[in-house]
Amino acid sequence: MEPFRLSICQMMVKNNKKENLQKAEFMIRKAVSDVNSQIVVLPEIFNSPYSIECMEKTAEEEGGITTRMLSSLAKELKITLIGGSIAEKADGKIYNTSYTYNTIGKCIGKHRKIHLFDVDIKNGVRFMESDLLSAGNKVTVFDTAYGKVGIAICFDMRFPELIRLMALQQARIIIVPAAFNTTTGPAHWHETIKMRAVDNQVYFVAASPARNEEAEYHAYGHSTICDPWGTVLASTDEKESIVTTEILPDRVDSIRNQLPLLKLRRTDIYNLETFKTKK
Ligand SMILES: NC(=O)CCC(=O)C(=O)O
C-alpha cells in the first residue's frame, strides 16, 4: 500500500461552539492545502470545552450541525476525517462519540467511549464523566482506503486489552481523539502511546486539544504519532498546531514479520474474550 500523510489538528477549544467549528474547519483545510494530508484527525470534544456543564449544553444528535460539517468537509476535500469526538444525544442519553467520514462524506466509523473518565487524583484532577455520560459498549475497527483503523477515545487508551482486541481485529492504525490533562499527561501520556504502539505493532495516533489556560480543564496537548517500532514520528507541545507525518502502511507487516509478537502469543495458556453486550 502507498505511503500517505496524516495530520492531527491540535486546536484551541473555546467556550463557543460556532467558533470551535470554524477553527476545526480552518485547521482541516490548512492540513490539506499545506501538506496534502489524506487523513485528518481532531481531538476529543473539539466543539466544546471538556466539562460536564459545557458537554451537556453542546450535546447534539447525529445529523446535527457538527456531524453535517464533518461529512461535507470530508467530501469536499476528499479526505478521511476522524472527527475527534462530540457529546452525542441518543435514546435519552449522552455519549462521548467519535465519527469518521470518508471521501464521499459517508460515515464509515462511529465509536462511543467505552471507559468513562471517573477519577479523583490527590492534588490533581477530579473528573466524573459518568455524572453526564453513558458508556459505549463496542470495539470499533473499520475499513478505510488506508487499511483497517481502530478508534478509541482518550481514557480508553489506558486499557491494553481494548487496543489488543483492535489489533487482533486487524487494525493497523489506532487513532485516539484524547484530552489528557496537566496532572496525568506529564506522568503517563508519552509512555502509554509508545507502549500501545509497541505491544500491538501498530501506528498509534493520539490527538489532543491545545491547552486553554482560561478553561477549567487544562489539556496536556503534546499530540503524538508513533510508529509500530515505538519511534515517535511527530509530536508537539501544548500550543495550537498541526502535527503531520507520513505513514508507511507496509511498515506494520515488516515489523510484525521480524518480531512476530501477535503470532507468538500463547493462546493455549491465555486468551482475550469479548462478551455479547446488551444494546
Ligand atoms: N478525557 C479523558 O478521558 C482524560 C483521560 C486522562 O486524562 C487520563 O489520564 O487517562
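This briefing walks through a sheet, two helix pairs and a ligand shell in the structure above. Please keep in mind that the model is predicted. Its open sheet has six strands with mixed pairing, and helix H5 (residues 184-200) packs with helix H4 (residues 160-168). Helix H1 (residues 17-35) and helix H3 (residues 65-77) form another packed pair.

**The sheet**

- Reading across the open sheet, you meet the strands in the order S9-S10-S11-S12-S13-S14.
- Strand S9 (140-144) and strand S14 (232-235) are the edge strands; each has a single partner strand, so one side of each lacks a neighbour in the sheet.
- On average, neighbouring strands of this sheet are turned by 15° against each other, direction ignored.
- S9 pairs with strand S10 (residues 147-151) in the antiparallel sense, over five bridges.
- To find your way in this pair, look for Phe-142, whose bridge partner in S10 is Val-149.

**H5, the sheet and H4**

- H5 lies across three strands, namely strand S11 (173-177), strand S12 (203-207) and strand S13 (224-226).
- Relative to S13, H5 runs at about 25°.
- H4 and H5 pack at an angle of about 40°, with 10 Å between their axes.
- Angles under 35 degrees would count as roughly parallel, and H4 and H5 are therefore oblique to each other.
- The crossing of H4 past H5 is right-handed.
- On the H4 side, the contact involves Pro-160, Ile-163, Arg-164 and Ala-167, which meet Arg-196, Asp-199 and Asn-200 of H5.
- Sorted by class, this contact of H4 with H5 holds three nonpolar, one polar and three charged residues.

**H1 and H3**

- The axes of H1 and H3 are 11 Å apart, and the two helices pack at an angle of about 15°.
- H1 and H3 are therefore roughly parallel to each other.
- H1, too, makes a right-handed crossing as it passes H3.
- From H1, the contact uses Leu-21, Glu-25, Ile-28 and Val-32, while H3 supplies Thr-66, Met-69, Leu-73 and Leu-77.
- By class, the contact of H1 with H3 has six nonpolar residues, one polar residue and one charged residue.

**Around the ligand**

- The residues surrounding the ligand are Glu-44, Phe-117, Cys-154, Phe-155, Arg-158, Ala-179, Phe-180, Asn-181, Thr-184 and His-188.
- This shell is made up of five nonpolar, three polar and two charged residues.
- Thr-184 and His-188 belong to this shell, and both numbers fall in H5, which spans residues 184-200.

Definitions and conventions: Residues numbered from 1 in each chain as written. Predicted model: local features only at pLDDT ≥ 70, side-chain atom pairs only at ≥ 80, totals over all residues. Axes fitted to C-alpha atoms, helices over the stretch in contact; angles between N-to-C directions. Helix = DSSP H or I, 4+ residues; strand = E, 2+ residues; numbered from the N terminus. Parallel < 35°, antiparallel > 145°, perpendicular 65-115°, else oblique. Left-handed = near helix turned anticlockwise from the far one by under 90°. Contact = placed C-beta atoms within 7 Å. Nonpolar A, V, L, I, M, F, W, Y, C, P; charged D, E, K, R; others polar. Near = placed C-beta within 6 Å. Pairing = 2+ DSSP bridges.
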